[in-house]
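Here are a few exercises to try with the structure open beside you. Have a go at each one before reading its solution.

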Amino acid sequence: SWWLSALAMRPIYQSYNQIQQFTADAAHELRTPLAAIRATVESVLRLPKITETEAQETLTVIGRQNQRLTTMVSDLLLLSRLDNEQRPAVKSLCNLQDLASDIVEEMAAFSLSKKVALILDIQFSAPLEVLGSEAQLYRLVLNLVNNALTYTPEGGKITLMLKRDQQQALMLISDTGIGIAPEHQVRIFDRFYRVDTARSRQTGNSGLGLAIAQAIAKTHSGSITVTSQQGKGSAFIISLPVAT
């Protein structure tokens with residue numbers, strides 16, 4: 001009976017440990033920008049007077065850290081809402097060809113500034129539609145495309161491919177970026193997990209983008225898989241059930 005009780009309690013212990021880890025990670029991530037704001041303010045208060053240039057620099061630092069906090073809190077609230085949703089609250093037919101085209105158009109300026117080619121490859125001529133929240137699905141694909149652009153060096157290429165496999169709509173986001181080591185691939189969807197911590201902080205990455213993408217896919221009865229090779233690039237495949 002003790003053994004059976006321990007076996008039954010194991011998922012609860014695992015869930016409790018995950019909550020503890022998530023709380024600790026969230027506290028750590030929120031503490032960093034707060035500490036930066038406090039240090040900036042205290043250093044300025046010690047000065048007998050400051051110039052207009054110094055005041056502008058101080059406000060710039062505070063504004064940047066405030067934006068980081070705002071983004072992180074917004075992402076945490078979205079994750080909390082997605083955790084409590086078995087299905088999207090608002091459902092509609094979402095045309096994936098239109099969604100993919102809009103994302104490529106939105107990210108065109110970013111890809112040009114990075115000198116990275118962003119290519120749209122639609123391999124299914126008939127309208128490919130899924131049932132769900134268009135805003136959430138847009139966020140899902142945008143997160144993956146933005147992630148690919150962030151980690152693909154100048155001269156690289158990113159392809160957003162759309163096709164159908166029986167009753168599944170497949171969106172493939174592949175890049176020629178830095179790739180992901182095998183030991184990191186099993187954890188990249190964990191909340192606050194970063195493969196390259198220093199670079200992620202420089203780009204303002206909270207470490208929640210892939211976690212949000214996976215949560216959105218799950219609420220739409222879909223999935224995300226990844227294949228990657230260091231130095232050669234990565235490919236993320238989104239699979240969603242086609243609307244019938």
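**Exercise 1.** Which residues does Gln-229 touch, not counting residues up to four places away in sequence?

*Solution.* Keep in mind as you work that this is a predicted model.
- Start by placing the residue: Gln-229 belongs to strand S6, which covers residues 223–229.
- Next, look for its contacts: leaving out residues up to four places away in sequence, Gln-229 touches Ile-178 and Gly-179.
- Then check a C-alpha to C-alpha distance: Gln-229 and Gly-177 lie 9.4 Å apart in space, with their positions 52 residues apart in sequence.
- Finish with accessibility: Gln-229 has a value of 45% and counts as partly exposed, because the partly exposed class runs between 20% and 50%.

**Exercise 2.** Work out the strand order of the open sheet and find which strands stand at the edges.

*Solution.*
- Trace the five strands across the open sheet: the order is S2-S4-S5-S7-S6, and the pairing is mixed.
- Now find the edges: S2 and S6 each have a single partner strand, so one side of each has no neighbour in the sheet.
- Follow the twist: from one strand to the next it averages 15°.
- Zoom in on one pair: S5 and S7 run antiparallel and are joined by seven bridges. Among the bridge partners, Gln-168 is matched with Pro-241 in S7.
- Add the helix: H8 (residues 209–219) packs on the sheet, where it touches S6 and S7, and its direction makes about 140° with that of S6.

**Exercise 3.** Describe the geometry and the surroundings of the aromatic pair formed by Phe-189 and Phe-236.

*Solution.*
- Take the geometry: the ring centres of Phe-189 and Phe-236 are 6.3 Å apart, with 85° between the planes. The pair is therefore edge-to-face, since the angle is over 60 degrees.
- Locate the partners: Phe-189 sits in the loop between helix H6 (182–185) and helix H7 (197–202), while Phe-236 is in strand S7 (residues 233–241). The two are 47 residues apart, and the pair links distant parts of the chain.
- Check burial: Phe-189 is buried at 14% relative accessible area, and Phe-236 is buried at 5%.

**Exercise 4.** Place Lys-115 and Gln-166, and decide whether each is buried or exposed.

*Solution.*
- Begin with the backbone: Lys-115 is not a glycine, yet has a positive phi of about 60°. Gln-166, also not a glycine, has a positive phi of about 55°.
- Place them: Lys-115 is in the loop between helix H4 (108–114) and strand S2 (117–122), and Gln-166 is in the loop between strand S4 (157–165) and strand S5 (168–175).
- Decide on exposure: Lys-115 is exposed at 53%, and Gln-166 is exposed at 67%.

Key. Residues numbered from 1 in each chain as written. Predicted model: local features only at pLDDT ≥ 70, side-chain atom pairs only at ≥ 80, totals over all residues. Heavy atoms only, no water. Phe/Tyr/Trp six-rings, centres within 6.5 Å; stacked < 30°, edge-to-face > 60°. Helix = DSSP H or I, 4+ residues; strand = E, 2+ residues; numbered from the N terminus. Buried < 20%, exposed > 50% of the residue type's maximum accessible area, 1.4 Å probe, protein only. Contact = heavy atoms within 4.5 Å. Pairing = 2+ DSSP bridges. Axes fitted to C-alpha atoms, helices over the stretch in contact; angles between N-to-C directions.
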